[in-house]
Amino acid sequence: MGVIGNLIAGFSQALALDNLLFALIGVALGSLVGVLPGIGPLGAMSLLLCTTFGMTPLHALIFFAGIYYGSMYGGSTTSILLNVPGESTSVVTCIDGYQMCQKGRAGAALFIAAAGSFVAGTLSVLGLMLFAPLLADFALKFGPPEYFSLTSVGLAVLTYISSGSKAKALLMVLVGMMISMIGMDPVTGNQRFTLGFLPLSQGIDFVPVAMGLFGISEVLNIVTSSSSQVRIRRVALRELLPSRTEISRSVGPVVRGSFLGFFIGLVPGPAAVISSFSSYALEKRLSKRSSEFGHGAVEGVAGPEAANNAAAGSAFLPLMALGIPFAPPMALILAAMIIGGILPGPTFIQENPDLFWTFIASMYIGNVMLVLLNLPLVGLFVSVLRTPAQILLPVVAILCLIGVYAVNSSSVDVWVLVFSGVLGYVLRARGYDLAPLVLAIVLGPKVETYFRQSLSISGGDYSIFVTRPISLTIALLPLAIALGWWLFHGAFKFSRGEEHGRET
Amino acid sequence: MRRSNTVSMVGAFLILLSLTLAVPMAQAAEKDYPRKPITMVMPFPAGSATGISAQQLAGIITQKKFLPHPIQVVFKPGGAGSIGTAEALQGKPDGYTLVYSATAPILIHPLVKDLPYSHRSLIPIIQTLRSSWILSVRNDSPWKNVQEFFEYAKQHPGEVTVGSAGDYSWGHVGLLQIMKATGLKFRHIPFEGSQPNVTALLGGHIRASMTISGDVTKQVSAGKVRVLATVEAERTPYYPDAPAIRELGYDVAGTMFTNIVIAPKGTPEAVVVTLHDAFKKALETPEWADFIKKVGASPGYIGYRDLPPILEKYVKETAALLEAIGVKVRKIE
């Protein structure tokens, strides 16, 4: 039986009422936790793991997978409407999504994000279906030195995507990395910068920092701005839908984001985050309107949102083909499968073909459900903006406070949120870009861990980073692109200059 | 003067009153324990091997009503398990806050980290399972058995990389035990948990790996990983062909990887007994037997009376091992 036959068999099972129901509950819950800032798919799945007792492994798998990829759909909603990233993967969406919202294009941004998520999600399941065993071995070729190259190149890209001064962006990356060092040393377990305060030894989580820097600081910004009389806008139906140019400008970014996200998603660790801002950087580089980035460019929403959904799909690949979860949400899906009575491993697909193909089919169905669920909600979400500021702002602040506390039930996180809010307000007033700071907190510990592991493996020999082909390629890639661009552009400008010279 | 007299009179009366009331109340509290749901703190991430077994046990006890109220698992991961453990052990010793912990946070970390607890400032209630720890390599590696592997390591001292789930994890301590007993030198690579360790082994980024048996079950049956030896006194039933290192004539102490339910010091004995009995019933169910078989663990019941000396012995041996490699070991009161 070939792929088509397997898939038809899978669909016939996935369309059974019970499987449809679990997929629906999963994606609906996923959308919800994606929209709510603070609580993410990880928290939701940890809470719901006990409900998988007595479920068949297939039900548990469909249910939990639905929560995970469903949350990727909703993550951008609060980024666009309120400048509060729902998940780390949607930090980048804040940059242009919120700007679009300010210009009255919130509906269009939400629509593009949902449609782009659908396309990327579907393409990614297609990739998972066709290449699962093949790409699993490719993913294993990445070891600590490769992870190090990837994450540190990611940090370099971060400074590039920021809109303002590069020096300020670099400073933000460094501050973010310093904050990420607070807590227990990942290797030796020593306390660093905790000042003897035990709760700090678990480190500073990015969730309260991100919500403070973006959400609370935005609230402070509006409250203190001279035009505090925020007008209530009527949103016309016409504004809910993207214009023809917005759609045509989004097609390229969505397709590129899907491929980028799918491949980066194969790498363990913060793959979905790296994929979203890599896509942003790529689009900014390719766009003829790169000056619009940071001021509401639709490409800056379409690309990253497609990329993080594609990464969410390909994250299933190592789990299905190797039995190893590369990301924490995958570990929870593994847990649900074990509780259901199945331990996935390298032979999982051969041993359970019906399970695998039904799961694949249910992911196609789940993506359709998500787009049907999310598009009609765009109007509802946008109507949030019609709420008067004196009601909306306190609600946003309370939502941030509760959301942050809900993640770890830690009061320290609440203080971090408040402090970051004030810090974000000051930094923004001084023209610092905040996305690099937040993402450096996510990537900082990874860069450090991979660096130290690599050096342990090589016995302290630094050449390990450049003697391994994949690591070297990743490290050279941005250099090569920058150089190529410079040569191409330089030549182009030169020839144009010559023409000008001839004309005058 | 009169006023202060009245105050002290009232004070004395209150103290007496509270004393007379407190004793029966405490007894009553123990007698009808538990009167509300019990929180079991899980200091490892959701989805970790220890996390899954905690949820499985809590699920069995709650579903079969071995206790009148449910046990809720609350995740507080971080610091390789020591943060959640520390926080829960500082809670009230009333039996409503427990910790489901593993070897490293309660027996190894207090020796090397500044923590507000040690194995002596907690009450072990029950040991729920044990896992064999094993030394494995990739299936295409040149070493067919542990003798060949040790021979290679002897000729290349300090070059053979062996991964573990982290510095001062039980796997790290196990490797130290092997190095001490055999006199060999390996290069220890600490990963950020057991899964990255197995991933690195599969990808060939390290030569060998210290894991618990369940971590590689599926990789072994798929022919990707070969188990060389068990680092315990006896062979494990899951890999009967892999010898125990002790069989080769090396004196490896044969330590343990276990899951233990613990409570803060001062928890009344009656409460400890109630909890112990409920957990023991859960360990005897067929659901639990199925579960531990699936994850490649072994039954490991030890009751609250027998646990303290076992923990004491392990900590003493580990402290000696760490001191031998030059780690500054903290004194445990």
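How much area is buried between chain B and chain A? About 3400 Å², and carbon and sulfur atoms give 65% of that. Keep in mind that this is a predicted model.

## Where chain B meets chain A

Let's start with who takes part. Chain B brings 40 residues to the contact, and chain A brings 45 residues. On the chain B side, three residues lose the most area to chain A: His205(B), Lys218(B) and Lys294(B). Together they make up 18% of what that side buries.

Now for the polar side of things. The interface of chain B and chain A has 1 salt bridge. You can look for a salt bridge between the side chains of Lys218(B) and Glu351(A), with N to O at 3.2 Å. So Lys218(B) turns up twice here: it is in that salt bridge, with a nitrogen within the 4 Å cut-off, and it is also among the residues of chain B that lose the most area to chain A. On top of this, 8 residue pairs are in polar contact across the interface of chain B and chain A, both at pLDDT 80 or more.

Which elements of chain B give two or more residues to the side that touches chain A? They are helices H2 (49–63), H3 (82–89), H7 (194–202), H8 (217–221) and H10 (286–294), plus strand E7 (187–190). H2(B) gives the most, with 5 residues. Sorted by class, this side of chain B has 17 nonpolar, 15 polar and 8 charged residues.

## Two domains inside chain B

Chain B itself comes in two parts. Domain 1 covers 37–130 + 256–324, while domain 2 covers 133–248. Their C-alpha centres lie 26 Å apart.

## How the domains touch

Here, 17 residues of domain 1 of chain B are in contact with 13 residues of domain 2 of chain B. The area buried between these domains is about 1400 Å², with carbon and sulfur atoms giving 67%. In domain 1, Phe257(B), Gly296(B) and Leu321(B) lose the most area to domain 2, together 37% of what that side buries.

Across this domain interface there is 1 salt bridge. Arg130(B) and Glu232(B) form a salt bridge, and their closest N and O atoms are 2.3 Å apart. There are also 3 residue pairs in polar contact between the two domains, both at pLDDT 80 or more. Helix H4 (103–112), H10 and helix H11 (307–324) of chain B each supply at least two residues of the domain 1 side that touches domain 2. By class, that side has 11 nonpolar, 4 polar and 2 charged residues.

Methods
Residues numbered from 1 in each chain as written. Chains lettered and ligands numbered in written order. Predicted model: local features only at pLDDT ≥ 70, side-chain atom pairs only at ≥ 80, totals over all residues. Heavy atoms only, no water. Contact = heavy atoms within 4.5 Å. Buried area = accessible area lost by both parts, 1.4 Å probe. Polar contact = N/O pair within 3.5 Å; in protein donor to acceptor, adjacent residues only side chain to side chain. Helix = DSSP H or I, 4+ residues; strand = E, 2+ residues; numbered from the N terminus. Nonpolar A, V, L, I, M, F, W, Y, C, P; charged D, E, K, R; others polar. Domains from an automatic or database assignment.
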